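Here's a quick tour of the model in front of you. Keep the viewer open and follow along.

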Amino acid sequence: MSRSPSFSVKPEHILKPDPDSLQRWVVAFCVIRFDLEQGQLIEECYPPGCLTHDEELEVAFSSFPDSVSQHQNRSSIHDCIFFFRIQRQENVAQSEITENDDQEPSLKSTLNQVIKRTGYNDDGRGFKYLYGYVFNRQRHDERLKRGGEQKSVVILSHSPYSSVFRPLLQIMGPLFFDIGTKALEHIAACVSLWPAPVPGKQMELPIGNATLKAYLPPAHSLPVEDGISFEESASSVAPFLPNNQSVPQGLFHDSDLFGTFRGILLQLWVLWELLLIGEPILVIAPTPPQCCEAVAGLVSLVAPLLCSIDFRPYFTIHDPEFAQLNSLQEGDIFPPMVLGVTNLFFLKALRNIPHIVSVGTAAPNSNRAAISSRSSTGRITGRPEAFGFQQLSLKKFSPSSLLNAVKLRRDGPLCLMTEHKEAIWSTYNATTKPDTSILNRLIDAGMSPRVEESMSVVNNEILRRHFLELTTNFLAPLGPYFRVTTPSERSSPFVDPPPLPPFNADEFLASLSSRGVGKFLAKRMRSNWLDLYRRFIKGHNFLPWFRRRRAVAELEQYRLWKHARIKTNIQPFVAKMSELEIVDSFNCIERHLLGEIELQQLGRASEDSVMACEKLKSDLQAVFNVLPIDMQQLLLLSPERAALLQEIKK
């Protein structure tokens, strides 16, 4: 979306931003200038004081393209948009997942347990990562030192809402360079008037005389540090068979898969597996926009799986984690993360990273030449001049492409130091076979930019639909572990619901091996498909996703049983119960009542909480009244219980 020519700021129309409302979307707006003597400097930060000194430095360094990656043309103005992700330096909430905890979460006090796992923090300081969306402008002017200047306008947010912040930057960036710092306060005032974000829904967000229409990623794809509680995500659990294809099923659903990986499309299935099992990947591109688009595209490949490994769309040597990664010795295991870089120094500094992907096209006048050697393998290839996917087959090799593949494998990724190529360097043997029927459906748009853009939309939908089906079918065998139960018409809902089926990796793999993987995957995977499940379970994406889905299922089951208690008359069930069953029901009702009261005190209660409390109080008193006197006296020995029952009588 481009800024409308009539978009203007009238002083009398400028509203004062509301800081609390602004924080729902944006942490801060920054303007950063590259100074020849002092380096990157934050000129403006609105609202002030929301970043630590270290965070300010990291944001400043991440907001400019590496000089190595820049075009050498002499056009007067060059604009680009990209984004980065950095780790917050303090007050980071503990992750919901403890890696060394192999036990299933207890169902005792289910609702409170689930809510505590979210790590939710209303003041926003519990967030683990900060996303920066950058509008960078390079202005060439021979009258200035070094022949030009650079400035970046940055939107900082805790949320990966690229579908919102990219078009917002297309308005805000040019507006800032038109009217200066007044643009920050004006945009902040507009954003503070926006409704609260609703994950998985299309939002209409007014900005001046324009309106941004964008789908937000669904709650199940957002990390818990983004403030998404399980109350919100329970109704948005990743579906196994998505019905509405226009609704996003994961992060960065707007990324350009086709355009970014156009030269190595056959390797998307390898990349999908690497992301699925959480392998470390280094992504190299000539420019930050190409680089961050590639990382976003990789993360989007595994939707609707929650991507739990660290990913950095634009990573620089100034990132605090670079020193740790650079210190890894030969044989050390590289941490699971996806790093997007433009500086070729990383090829030498991060030699231990096992998988390297090179994408994008270098500018004709850049210091890295681009080649376009066409290869049907896709593993070691340059950008094709035209497609003709009907001829794209795994069984067809040309002598020239084979020689190119051998040469690039021999030279390794360091060959990128002299000329840019789109290629993958990895020793990983994929289980999933490339689906050439999908590739044959893709449309080659030729050289017309307008036609190519529209065809890219179609191609992206084809690719995204395929990988969504691939991932959901891969996860489908785990569905029974999230299957909730509801009380039958003749059974009492005034007891604790049965626990979800326990998970044991060895038993799951043995069962899956005996019954098979299903027709969809059987046609697309080699005979060693069970090894992929084994790697996935041991990888870094499985446990966070599994426990997140498990906790959401527990909460959904809690809701269903609570609704049944509200609707069910307890008297007929009590009449048929033994004394022991009545005591058990009393204890169960008491626990749920105390849980609802606690939620009300915390301000986290659901809409039907008041109704549920009144019903539970009535049921608790009814059950207590039918107990023998000696049992009543025994229960009243607890001062808290006695006070609760006394309050109910009143």
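## Ground rules and the overall chain

A contact here means heavy atoms within 4.5 Å. On that basis, residues 24 or more positions apart account for 78% of the protein chain's contacts with a separation of 6 or more.

Bear in mind that this is a predicted model, where local features need pLDDT of at least 70, side-chain atom pairs count only at pLDDT 80 or more, and totals for chains, interfaces and linings use all residues. Residues are numbered from 1 along each chain as its sequence is written, and side-chain values use heavy atoms, with hydrogens and water left out.

The protein chain carries 23 helices and 14 strands; these are DSSP runs numbered from the N terminus, with helices being H or I of at least four residues and strands being E of at least two. Of its 650 residues, 54% count as buried. For the record, buried means under 20% relative accessible area, exposed over 50%, and partly exposed in between (1.4 Å probe, protein chains only). The chain's accessible surface is about 29,600 Å², and carbon and sulfur atoms own 52% of that. Those areas come from the Shrake-Rupley method with a 1.4 Å probe, and for residues only the protein chains shown count as cover.

## Helix α4 and its kink

Helix α4 takes in residues 162–179, 18 in total, and spans 25 Å from first C-alpha to last, close to the expected 26 Å. That expectation is 1.5 Å times one less than the number of residues.

There is a kink in α4 all the same: about 30 degrees, centred on L169. The bend at a residue is the angle between axes fitted to the seven residues ending there and the seven starting there. The helix is mostly covered, with 14 of its 18 residues buried. Right after α4 comes G180, with a positive phi near 85 degrees.

## R33 on strand β1

R33 sits in strand β1 (residues 28–35) and is partly exposed at 26% relative accessible area. Setting aside neighbours within four places in sequence, R33 touches G39, Q40, L41, E43, F64, Q150 and K151.

The R33 and E43 side chains are joined by a polar contact of 2.5 Å. That term covers a pair of N or O atoms within 3.5 Å; within protein, one must be able to donate a hydrogen and the other to accept it, and residues adjacent in sequence count only if both atoms are side-chain atoms. R33 is also 30 residues along the chain from S63, with 9.4 Å between their C-alpha atoms.

## Cysteines without bonds

How many disulfides does the count come to? Zero, taking a disulfide as a pair of cysteine sulfur atoms within 2.5 Å. The sulfur of C30 has its closest cysteine sulfur in C45, but at 3.7 Å that is too far for a bond. For C291, the closest cysteine sulfur is in C292, 6.7 Å away, so again too far.

C30 is buried at 0% relative accessibility, and C291 is buried too, with a relative accessible area of 0%.

## Backbone oddities

Two cis peptide bonds are worth a look. Y46 to P47 is cis, with omega near -5 degrees, and P47 falls in the loop between β2 (39–46) and α2 (53–62). A303 to P304 is cis as well, with omega near 10 degrees; P304 is in the loop between α9 (288–301) and β9 (310–312).

Then there's F252, a non-glycine residue with a positive phi, near 55 degrees. F252 is in the loop between α6 (230–233) and α7 (257–260), and counts as buried at 2% relative accessibility.
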